[in-house]
Amino acid sequence: MAGAYVYKFLTAKSGKGTLDTPSLALNIIRKKFYSLIYFDNAATTKPCDEAVKAAANALTAAFGNPSSRHRVGMDAEILLRQARDRLAMSLGCAEDEIFFTSGATESNNTAILSACENKIKRLPRVVTTTVEHPSVKACFDKLEKLGAEVVRVAPDENGDITDKMIFDAVNDRTCLVSCMLVNNETGYVLPTAKAFAMIKRKYPDCITHCDAVQGFMKLPFKAKTLFADLISVSGHKIHGAKGVGVLFIKKGTKIAPFMLGGGQEKGFRSGTENLPAIAAMGEAVKLLTPTIDSRLQYVTELREYLVEKLSEIDGIEINSKPSALPYVTSIAMPNFKSETLLNYLSDRGICVSSGSACSKGKKSTVLQEFRISAEKTDSTLRVSFCAENTKAEIDELCKTLKRASGELCTIKRK
Ligand code: PMP
């Protein structure tokens, strides 16, 4: 009713009417009356002011092509170098071990497919886990089609993957092992560093790759402490910009270029650098690096508060283990479909995701791999924090979930 009124009012005001559906008007009402609560930081984060400024600067004052040998190009090149230095500092590596890509999907594809390209005939075995992001899983599926022997380590009956399970999957015919740092759907922290340390000690030639997207700037780690030859991270998960990622390549690691062309990134990744996004990522890293521990402490308090408040709502279950990284909490409200709950919350200005944003439209198999029942998987929501979230926002989420269980039950009974 109110939606129709606003729709009429807005179309009348705009003459011919720029708004052509009542639902658009409803969206305007929602935006006006509900302040936004954003709990979907594992899908993407809001760019910080510093990142926005850096991107704007790279689109205006420093708009040049970093490869150009004139003043405008050199200004752009300085920004590129600054961002590279910041990324190198954050991963504790040399600046010539940092390669900018279009995002972690490209970093993962490059790491896995290119590293195996020339070695797979001699060393046909590759190892990964069953809980990886689709951008890793799809690469292993492709390698399998090409004839590789793919070993996928699955969580045990308790939903755990141990360092020994990963180590035991590797043998002297293994070309590469890829294991994520933090699972994007549950916050589960994998024993990647321990497993890689054991693997490197026994099989120094086996390439170790880590998709560290959900742990970067959240957990204190360095390339050396991970024992990884290759590390993928993404700009838009750390309050930077979309369309940029980094692949760390440890000096001496033999890996074929993935993108061929103009020879940017020391010939490894051709294509003009996405400087606005790269500069934004550099600024975000500069801002977040000194606060990794204090943010982790704050977000741990937020998660404890969330768990306490959720325990006051009948029927809610927590899928994530207490040992999970507190930035991501997977919860289930059996009897309600994830999509129904997600829409209910979204209509009231609260953004969460159902399972993983990357498996939109597709059922996630990862939750079941973690031994979460099919029934719970269907009613799962992922609440993912950043350090800007507050306890007041958690109160609002829990109040709305409580209301949802009442109202959606009523609808079901009718
Ligand atoms: N790996 C993980 C664990 C992720 O969560 C994501 C993003 N959902 C990616 C890789 C892909 O990152 P990007 O969006 O930068 O391609």
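This report walks through a predicted model of one protein and the ligand it holds.

## The big picture

Let's start with the whole chain. The protein has 414 residues, and buried ones make up 53% of them. Its fold contains 15 helices and 12 strands. If you look at contacts between residues at least 6 apart in sequence, 72% of those in the protein join residues at least 24 apart. On the outside, the protein exposes about 19500 Å², with carbon and sulfur atoms supplying 56% of that area.

## How sure is the predictor?

The mean pLDDT of the protein is 90, and 88% of the residues reach 70 or more. Two stretches deserve some caution. Over residues 1–19 the pLDDT stays under 50, and the model has 17 contacts beyond four places in sequence for this stretch. Residues 410–414 also stay under 50, and here the model has 1 contact beyond four places in sequence.

## Around the ligand

Now for the ligand. It is surrounded by 15 residues, and the closest are T105, D211, Q214, S234 and K237. Sorted by character, the residues of this shell split into 4 nonpolar, 9 polar and 2 charged. Which element gives the largest share of the shell? That is helix 5, residues 104–117, with 3 residues.

Some atom pairs are worth finding on screen. A polar side-chain atom of H236 sits 2.8 Å from an oxygen atom of the ligand. A104 uses its backbone instead: one of its N or O atoms is 2.9 Å from a ligand oxygen. With H133, a polar side-chain atom lies 3.3 Å from a nitrogen atom of the ligand. Taken on its own, the ligand has 400 Å² of accessible area, and the protein covers 90% of it.

## T44, a partner of H236

H236 turns up again when you look at T44. The side chains of T44 and H236 are joined by a polar contact of 2.7 Å. So H236 has T44 on its list of side-chain partners, and a polar atom of the H236 side chain is also 2.8 Å from a ligand oxygen.

Where does T44 sit? Look in the loop between strand 1 (37–38) and helix 3. Is T44 buried or exposed? T44 counts as buried because its relative accessible area, 17%, is under the 20% cut-off. Setting aside neighbours within four places in sequence, T44 is in contact with Y38, H236 and K242. T44 also shows how a chain can bring distant parts together: T44 and S384 are 340 residues apart in sequence, yet their C-alpha atoms are 9.7 Å apart in space.

## A54, inside helix 3

Move along to helix 3, which spans residues 49–59 and includes A54. A54 is buried, with a relative accessible area of 13%. Beyond residues up to four places away in sequence, A54 touches A279, A280 and E283. Here is another long jump along the chain: A54 and A284 are 230 residues apart, while their C-alpha atoms are separated by 9.5 Å.

## S270 and its glycines

S270 belongs to the loop between strand 8 (245–249) and helix 10 (275–288). Being in a loop doesn't put S270 out in the open: its relative accessible area is 6%, so this residue is buried.

What does the side chain of S270 reach at 3.0 Å? The partner is the backbone nitrogen of G261. A polar atom of the S270 side chain also lies 3.3 Å from the backbone nitrogen of G262. Both glycines are among the contacts of S270 outside its neighbours within four places, together with M259, L260, G263 and Q264.

## Two residues with positive phi

Finally, check two backbone angles. F227 isn't a glycine, but its phi is positive, near 55°. You'll find F227 in the loop between helix 9 (223–226) and strand 7 (230–234). With 41% relative accessibility, F227 counts as partly exposed.

N335 is also not a glycine and has a positive phi, about 90°. This residue lies in the loop between strand 10 (328–332) and helix 12 (338–347). Why does N335 count as exposed? Because its relative accessibility is 59%, and the cut-off for exposed is over 50%.

Methods
Residues numbered from 1 in each chain as written. Predicted model: local features only at pLDDT ≥ 70, side-chain atom pairs only at ≥ 80, totals over all residues. Heavy atoms only, no water. Helix = DSSP H or I, 4+ residues; strand = E, 2+ residues; numbered from the N terminus. Buried < 20%, exposed > 50% of the residue type's maximum accessible area, 1.4 Å probe, protein only. Contact = heavy atoms within 4.5 Å. pLDDT = per-residue confidence, 0-100. Near = heavy atom within 4 Å. Polar contact = N/O pair within 3.5 Å; in protein donor to acceptor, adjacent residues only side chain to side chain. Areas by Shrake-Rupley, 256 points an atom, 1.4 Å probe, with all protein chains shown as cover. Nonpolar A, V, L, I, M, F, W, Y, C, P; charged D, E, K, R; others polar.
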